[in-house]
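This report covers strand pairing, salt bridges and surface patches in one protein chain. The sequence and the structure are shown first.

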Amino acid sequence: MAARGSRFPRQRQVLLFLFLFWELCLAGSKFARYSVTEETERGSFVANLAKELGLGVEALAAKRTRVVSDGNKQRLLLDFHTGDLLTNEKLDREKLCGSTEPCILYFQILMDNPFQIYRAELRIVDINDHSPTFQDKEMILKIPEITAVGAAFRLQRALDSDAGRNGVQNYTISPNSPFHITIHDSDEGVIYPELVLDKPLDWEEEREFRLTLTAFDGGSPPRSGTATVHILVLDINDNAPQFSQELYQTQAPENSPVGLPLVKVSAEDVDSGVNAEVSYSFFDASEDIRATFQINPFSGEIVLKALLDYELVKSYKLNIQAVDGGGLSARCTVLVHVLDINDNSPELIISSLVNEVVENSPETVLAVFRINDRDSGENGKTVCYIQENLPFLLRPSVDNFYILMTEGALDRETRSQYNITVTVTDTGTPRLMTQHTITVQVSDVNDNAPAFTQSSYTLFVHEKNSPALHIGTISATDSDSGSNAHITYSLLPTHDPQLDLASLISINADNGQLFALRALDYEALQTFEFRVGATDQGSPALSSQALVRVQVLDANDNAPFVLYPLQNASAPFTELLPRAAEPGYLVTKVVAVDRDSGQNAWLSFQLLKATEPGLFSVWAHNGEVRTSRLLSERDAPKHRLLLLVKDNGDPPRSASVTLHVLLVDGFSQPFLPLPEVARDPAQDEDELTLYLVIALASVSSLFLLSVLLFVGVRLCRRSRASSLGGCSVPEGHFPGHLVDVSGAGTLSQSLQYEVCLTGDSQSNEFRFMKPVFTNILNQNSDGPSEDYPPFPSILGM
């Protein structure tokens with residue numbers, strides 16, 4: 001009993017070990033089947049993987065569960081919030097599988113931690129979304145009139161892209177005709193319609209029939225398609241063509257050129273004449289066959305019309321029909337087998353990829369990918385490897401999956417980037433190869449501060465610049481990588497309280513471009529300085545500073561301004577010139593300034609226009625107006641000079657100066673009303689009249705007030721004035737200040753007048769006024785000259 005008790009635990013341990021071993025073997029080979037109806041919208045529910053796999057939704061995300069479909073398209077997706085497996089696109093069974101039924105798509109479910117693969121299939125359930133169609137909308141049958149009742153004529157079948165019950169299920173022919181339709185199944189599982197003769201034909205009574213052939217599928221509701229059957233009744237052709245063999249077989253490599261002869265069919269007819277002339281054609285051929293092959297209707301030779309592809313179609317079945325001149329026909333079958341050649345390179349399909357590894361990390365999975373070759377046999381076998389002397393490993397997994405991972409910890413200071421070339425070759429002849437390079441970056445810690453390319457920058461900007469003008473760029477570099485090398489630029493606070501830096505300059509935080517926010521004025525601000533900072537995005541962040549000096553360049557934006565003579569006075573400025581002046585006599589000097597600097601402020605003077613050309617000249621550099629020759633009696637007494645003051649900017653700016661020069665015999669004579677300087681009468685008539693009226697009214701009022709004051713003082717001495725019987729000279733005289741009467745100039749002499757009143761006048765009327773000249777400079781006359789009348793004449797009295 002003791003021996004038996006010790007043997008049973010040992011047997012249980014062996015059974016337990018075998019059970020665990022079997023579970024591990026099946027971990028990568030579990031197979032699940034799902035189905036979905038075609039044409040369902042994207043995001044349709046397929047299954048709940050969390051329930052199917054016995055896992056929670058969080059476990060799916062933690063295990064990095066992925067769905068990988070065969071081929072390059074990802075037709076399914078996994079919702080990690082619900083664990084549902086959803087369609088990623090609207091699935092069309094006909095496009096995916098053609099006539100193949102059932103239509104099954106294979107895919108895998110991958111999980112990491114630990115790595116597991118579950119194989120699954122998705123069946124696309126067909127719906128009735130296509131109607132039956134006939135290749136030829138009109139079929140022509142030639143039936144001899146001697147055909148016996150009950151003879152059957154096979155018709156072209158209708159094609160339906162749907163499969164199963166939704167495919168073609170029945171045929172009907174238009175009623176009240178000498179024919180009916182019967183249905184026959186072929187060895188390929190499709191049905192063909194046959195036209196059966198119900199009563200004898202008589203060519204003399206009716207020579208042709210047009211019948212409507214209708215094909216119905218088995219959908220709900222059913223769909224249908226129609227074609228016309230044109231029956232020609234022939235007279236006496238009792239021998240149909242006969243093929244030399246019922247089945248022809250041939251082979252063609254998939255790289256066969258277009259036009260290559262494949263096989264030649266032959267049929268003979270023992271009849272004579274037209275009834276023995278045989279023509280060959282495809283019978284009940286699909287569009288794909290008609291596009292790929294071509295038959296000579298006279299010789300029966302079949303040639304290649306398009307390139308073959310073994311991966312798409314591995315063999316073709318051609319139905320050939322031979323028809324004689326009397327309408328009798330025979331059929332044979334041609335099988336074309338496509339031979340595979342090594343014309344497809346291996347495909348590398350990446351399921352997951354990690355391009356960055358932190359240095360000193362342990363073994364890390366970088367990529368999971370699958371190898372596929374569309375060829376078959378030896379042409380489809382593959383070998384995968386990476387280059388040597390790299391700290392990475394390539395491990396194979398199930399179903400042609402491979403895992404690329406690090407061999408150990410990486411050191412960025414030794415090498416910051418690796419380019420891993422994954423090479424896949426097949427074993428065909430010749431061998432085809434596919435390479436895919438995976439770049440792996442080794443991330444770093446933030447141990448380097450940004451460094452400016454210059455310790456200080458000097459930028460120049462022209463004044464009157466447009467707002468938001470780019471004036472320069474500062475640049476800094478960081479030897480770190482990733483976010484540790486991502487630099488952000490900023491303006492640092494200035495210590496100058498008078499400099500509003502935020503209103504002058506802005507900086508692009510990403511590229512260090514500096515912009516002037518508003519137009520700068522050289523006359524207000526010629527230079528200013530500020531500091532900029534460069535900060536990386538490491539943790540902790542490191543930064544550095546640089547000095548930026550902005551110099552405003554002057555632009556010629558100010559025109560010269562004339563200080564002397566003033567041009568904004570109400571009356572033009574008049575200069576006196578003695579007739580005895582020598583050549584080079586200084587008449588006046590024009591004084592002007594310019595707010596600009598440099599050559600923009602260099603002024604030059606130019607005489608543009610003069611009443612007497614050649615009499616005056618202006619010095620270009622100092623603005624002195626001098627005489628160019630001696631004056632003569634012929635020279636006009638009044639002259640008008642137009643001067644131009646121009647700076648040296650580009651383009652230059654200028655201002656004009658108007659001078660009035662009056663010729664006098666000497667400065668000792670009284671300043672008389674000057675003749676009006678020549679002006680354009682049409683332009684200044686109204687303005688001159690207004691000035692004359694205002695001047696006359698002002699002078700008359702002042703003169704009348706002075707006379708009344710003078711009369712008041714003299715009333716107390718009236719008797720004395722009567723005894724004198726004449727005129728008396730007032731105790732005072734008119735002020736000697738400069739008086740501008742006509743608006744034509746300024747008097748440089750002081751004038752005194754005696755006021756003579758009638759002694760017996762009660763109204764103190766004026767009798768006359770007589771000028772008294774005192775303190776006259778350069779006096780050379782005893783009384784007023786003929787050219788300068790007494791003051792009353794100035795007032796028009």
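In this predicted model, strands β6 and β7 (residues 116-125) pair in the antiparallel sense, and 9 bridges join them. Within this pairing, Leu 110 has Ile 117 of β7 as its bridge partner. The two strands form a hairpin with 4 residues between them. Asn 113 sits in the turn of this hairpin and has a positive phi of about 55 degrees.

Strand β6 also pairs with strand β3 (residues 66-69), again running antiparallel, through 4 bridges. Val 68 stands opposite Gln 108 of β6 in this pairing. How much of β6 is buried? Strand β6 spans residues 103-111, and 7 of its 9 residues are buried, so the strand is largely enclosed by the rest of the structure.

**Salt bridges**

Side chains of opposite charge can pair when their charged atoms come close. The model holds 15 salt bridges. Among them are the three pairs tabulated here with their N to O distances.

| Residue | Partner | Distance, N to O |
|---|---|---|
| Glu 138 | Arg 210 | 2.9 Å |
| Lys 381 | Glu 378 | 2.9 Å |
| Lys 464 | Asp 557 | 3.7 Å |

The side chains of Glu 138 and Arg 210 meet in a salt bridge, and this pair links distant parts of the chain. Glu 138 belongs to strand β8 (residues 138-144) and Arg 210 to strand β13, with 72 residues separating the two. Glu 138 is partly exposed because its relative accessible area is 38%, whereas Arg 210, at 54%, counts as exposed.

The second pair joins Lys 381 to Glu 378. Lys 381 is partly exposed, with a relative accessible area of 45%. Glu 378 is likewise partly exposed, with a value of 44%.

The side chains of Lys 464 and Asp 557 form the third pair. Lys 464 lies in the loop between β33 (456-462) and β34 (469-473), and Asp 557 in the loop between β40 (543-553) and β41 (561-564), so the salt bridge ties together parts that are 93 residues apart in sequence. Is Asp 557 buried or exposed? At 19% relative accessibility, Asp 557 counts as buried, because the cut-off for buried is under 20%. Lys 464, at 47%, counts as partly exposed.

Arg 64, Arg 66 and Asp 112 are linked in a network of salt bridges. Arg 66 falls within the residue range of β3, which is 66-69.

**Surface patches**

A patch of negative charge lies on the surface, where Glu 204, Glu 205, Glu 206, Glu 208 and Asp 235 gather. One of these residues, Glu 205, is in the loop between β12 (191-197) and β13 (208-217). Glu 205 has a relative accessible area of 69% and is therefore exposed. Strand β13 is also the element that holds Arg 210, the partner of Glu 138.

Which residues make the nonpolar surface patch? Phe 561, Leu 563, Tyr 564, Phe 573, Val 591 and Val 593 make this patch, and its area is about 480 Å². Two elements, β41 and β44 (591-593), give two or more residues to the patch. Strand β41 provides the largest share, 3 residues. Phe 561 lies in this strand.

Terms used:
Residues numbered from 1 in each chain as written. Predicted model: local features only at pLDDT ≥ 70, side-chain atom pairs only at ≥ 80, totals over all residues. Heavy atoms only, no water. Patch = residues over 30% accessible without salt bridge, like charges linked within 9 Å, V, L, I, M, F, W, Y side chains within 5 Å. Areas by Shrake-Rupley, 256 points an atom, 1.4 Å probe, with all protein chains shown as cover. Salt bridge = Lys/Arg side-chain N within 4 Å of Asp/Glu carboxyl O. Lys, Arg positive; Asp, Glu negative; His and termini not counted. Charge placed at Lys NZ, Arg CZ, Asp CG, Glu CD. Buried < 20%, exposed > 50% of the residue type's maximum accessible area, 1.4 Å probe, protein only. Pairing = 2+ DSSP bridges.
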